[in-house]
Structures are given as C-alpha cells and as structure tokens.
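Dear colleague,

Please find the structure below, handed over for your own inspection. My notes on it follow.

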Amino acid sequence: PRFFLNKMGYTSITQVCVGDSAEVALTMLFADIRHFTSVAEGMTSRELFTWVQGYFRLMTSIIEGHRGNINQFIGDALFALFSSAKDGVTCAIAMQSRAQQLNVQRLCEESASVPVSIGVGLHHDVLSLGILGDDKRHTCTAISASVNLASRLEGLTKQLGCRVLATEAVVDQLSPQILKETAMRKLGVAQMKGSLAATPIYDVFQADERAPQAYKAATLKTFERYTKLALRPDDQITDADHADIAHLRSTLEAAAERYSIKDVSMAAMEAVRDPKSGRLV
C-alpha cells in the first residue's frame, strides 16, 4: 500500500525487500462487530460473506477518507493505521455514525431485528512497519506490543459499555481545538491483560446516540469526581469516601434515569477494578 511505502521511505514498490522495517509513530484503530453470531444468524454462508464484504467496503471508505490505511481484516474485525491521532479519532466517530445509519437501512430494507454494533479501540505509539515473509510470499505489517494493547482496548469497550475507547497517548496528541470539539470523559487507569503497562483511558462519547451523549455531557464533573474516588486501591478509600462514592453513584443513576438511559459503566468499572491497585484490569 502507498501508505506503507511512504512511511518506510520508499518511492517505488520495486525497492521493497523482505525483512525491511522502519520505526514510525502512528495511531492504531481496532474495530470489531459485537454479537456477530446474532447478526449472522439466519444467513447462508454466501449471504454472510456478501454482507461482511459490504460492511468492510463501507468502513474502508470511511478510513481512507480520513487518511488511514487498513492493515488487516481479521474475521469480522479490522486493524487500521493513521498518521495522526486526530484522523483516528474523527474516523472512529464517523464509523460509529455510519453503523447507526446502516442499522436504519437494515431495518427498512431487510427487516433486521439485531442491530449492528461496533466497538473501537484507539492507541498511539511507535511501531515497527516492515515486510514479513519469504521470497514467495510476503506482506506489509505493523508489529509492537502496543498493537496488542489497542486490540485489547477494543475488547474493553464491551465490558465498559462504550463505543469508542482511546488511550491517553491518543488524547495527548490532540490539539486544544480538537479536544474542545470532541466529547469524551476520562474513565480510569487500565492495565491490559498480559501487560504490565498501565494507561489512562477515555470514553469518546461523541460517537454515542443523542440521549447517552447528552447525559454524559451533563454529568462530566460528577462522573470525574466519582472515578477519582472509586478507582483507587481499597486501602486508600476511607469510610467517608465510601459514603461519597455511593452518593455520587446515586446522583449519576438519577441523572441517567432522567435521560431515559442506563449507564452501565460504573458497575462495569467496579467489576473489573483491581482492589489492590484501583486499576481496570
């Protein structure tokens, strides 16, 4: 792909050699269809293949429209790379918006009862871009422990009830103007399975539907106070803190009820919080 050639300093594909690599700072995006088995239920193998191909065509168009590049299709998931965090974040929001439009279309044209829901994880770090394989078969790929982190972050969207999760490494790359324009809230510090590294993560809720988005925007300060108190080691939480945590949670639950939604993130974070470190694991 032209994206890889440019990032590795090539001007022509004839310059490519197996084993070549270059270290580049990029934003990684993992996206996966939730409840794929339910979405696929009732389709023949051929119908399912055609549907997935159509879905990937839509998402590829959005990714390339935000100057990204698809690195891999993995079953019903995809892995894409972006030169900037801004492009990755705005692409993730656009992908979620298109998924919602796709649901309306499926309901009208196909009478589909199971909506398409996707989770997106975003991380920014230095990767090794290179050419793997042998003389007969080779491929462009990105390798780093951070790739696994981005993938696991996408998996965490299911547990926390979020559509888009981004690490602090992504948020730190955004300009003040983009930060002002992008609705998000800090959740806590996550330690991904199989990794000793811990990173603060953010719920990019601009990708949410209207009611959850309005609720999260209205309760930002209350939610921030809640996470600062609740996501700490047990031995640092006093009896007074427990009372404050319960009050804040009650306040947030009442606000969610006013917006006719259910915010599952609090219960989900408490379920995956490590009592010794306070981290989300």
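Between domain 1 and domain 2, 21 residues of the former are in contact with 19 residues of the latter, contact meaning heavy atoms within 4.5 Å. The domain assignment places domain 1 at 1-208 and domain 2 at 209-280; such bounds come from an automatic or database domain assignment. This is a predicted model, in which local features need pLDDT of at least 70 and side-chain atom pairs count only at pLDDT 80 or more, while totals for chains, interfaces and linings use all residues. Residues are numbered from 1 along each chain as its sequence is written, and side-chain values use heavy atoms, with hydrogens and water left out.

The interface between the domains

The centres of the two domains, taken over C-alpha atoms, are separated by 27 Å. Domain 1 and domain 2 bury about 1,600 Å² between them, with 57% of it on carbon and sulfur atoms; buried area is the accessible area (1.4 Å probe) that two parts lose on being put together, summed over both. Within domain 1, the most area is lost to domain 2 by Leu-160, Arg-185 and Asp-208, which together account for 37% of what that side buries.

The rule finds 4 salt bridges across this interface, a salt bridge being a side-chain nitrogen of Lys or Arg within 4 Å of a carboxyl oxygen of Asp or Glu. The side chains of Arg-163 and Glu-209 meet in a salt bridge with an N to O distance of 3.3 Å. Between the domains, 10 residue pairs are in polar contact, both residues at pLDDT 80 or more. A polar contact is a pair of N or O atoms within 3.5 Å; within protein, one must be able to donate a hydrogen and the other to accept it, and residues adjacent in sequence count only if both atoms are side-chain atoms.

On the side of domain 1 that touches domain 2, at least two residues each are supplied by α5 (145-160), β7 (185-191) and β8 (198-203). Helices (H or I, at least four residues) and strands (E, at least two) are DSSP runs, numbered from the N terminus. The most comes from β7, with 7 residues. By class, the residues of this side divide into 10 nonpolar, 6 polar and 5 charged; Ala, Val, Leu, Ile, Met, Phe, Trp, Tyr, Cys and Pro count as nonpolar, Asp, Glu, Lys and Arg as charged, and the others, Gly among them, as polar.

Two individual residues

Gln-191 lies in strand β7, and its side chain is joined to that of Arg-279 by a polar contact of 2.8 Å. Leaving aside neighbours within four places in sequence, the contacts of Gln-191 include Leu-196, Leu-280 and Val-281.

Val-272 belongs to helix α11 (residues 265-272) and is buried, at 11% relative accessible area. Buried means under 20% relative accessible area, exposed over 50%, and partly exposed in between (1.4 Å probe, protein chains only). Beyond neighbours within four places in sequence, Val-272 is in contact with Gln-159, Leu-160, Arg-279, Leu-280 and Val-281. Val-272 and Leu-156 are 116 residues apart in sequence and 10.0 Å apart in space, C-alpha to C-alpha.

Backbone angles

Most residues other than glycine have a negative phi. His-35, in the loop between β1 (21-34) and α2 (36-40), has a positive phi near 50° and is exposed, with a relative accessible area of 61%. Arg-67, in the loop between α3 (45-65) and β2 (68-74), has a positive phi of about 65° and counts as exposed at 52% relative accessibility.

Yours sincerely
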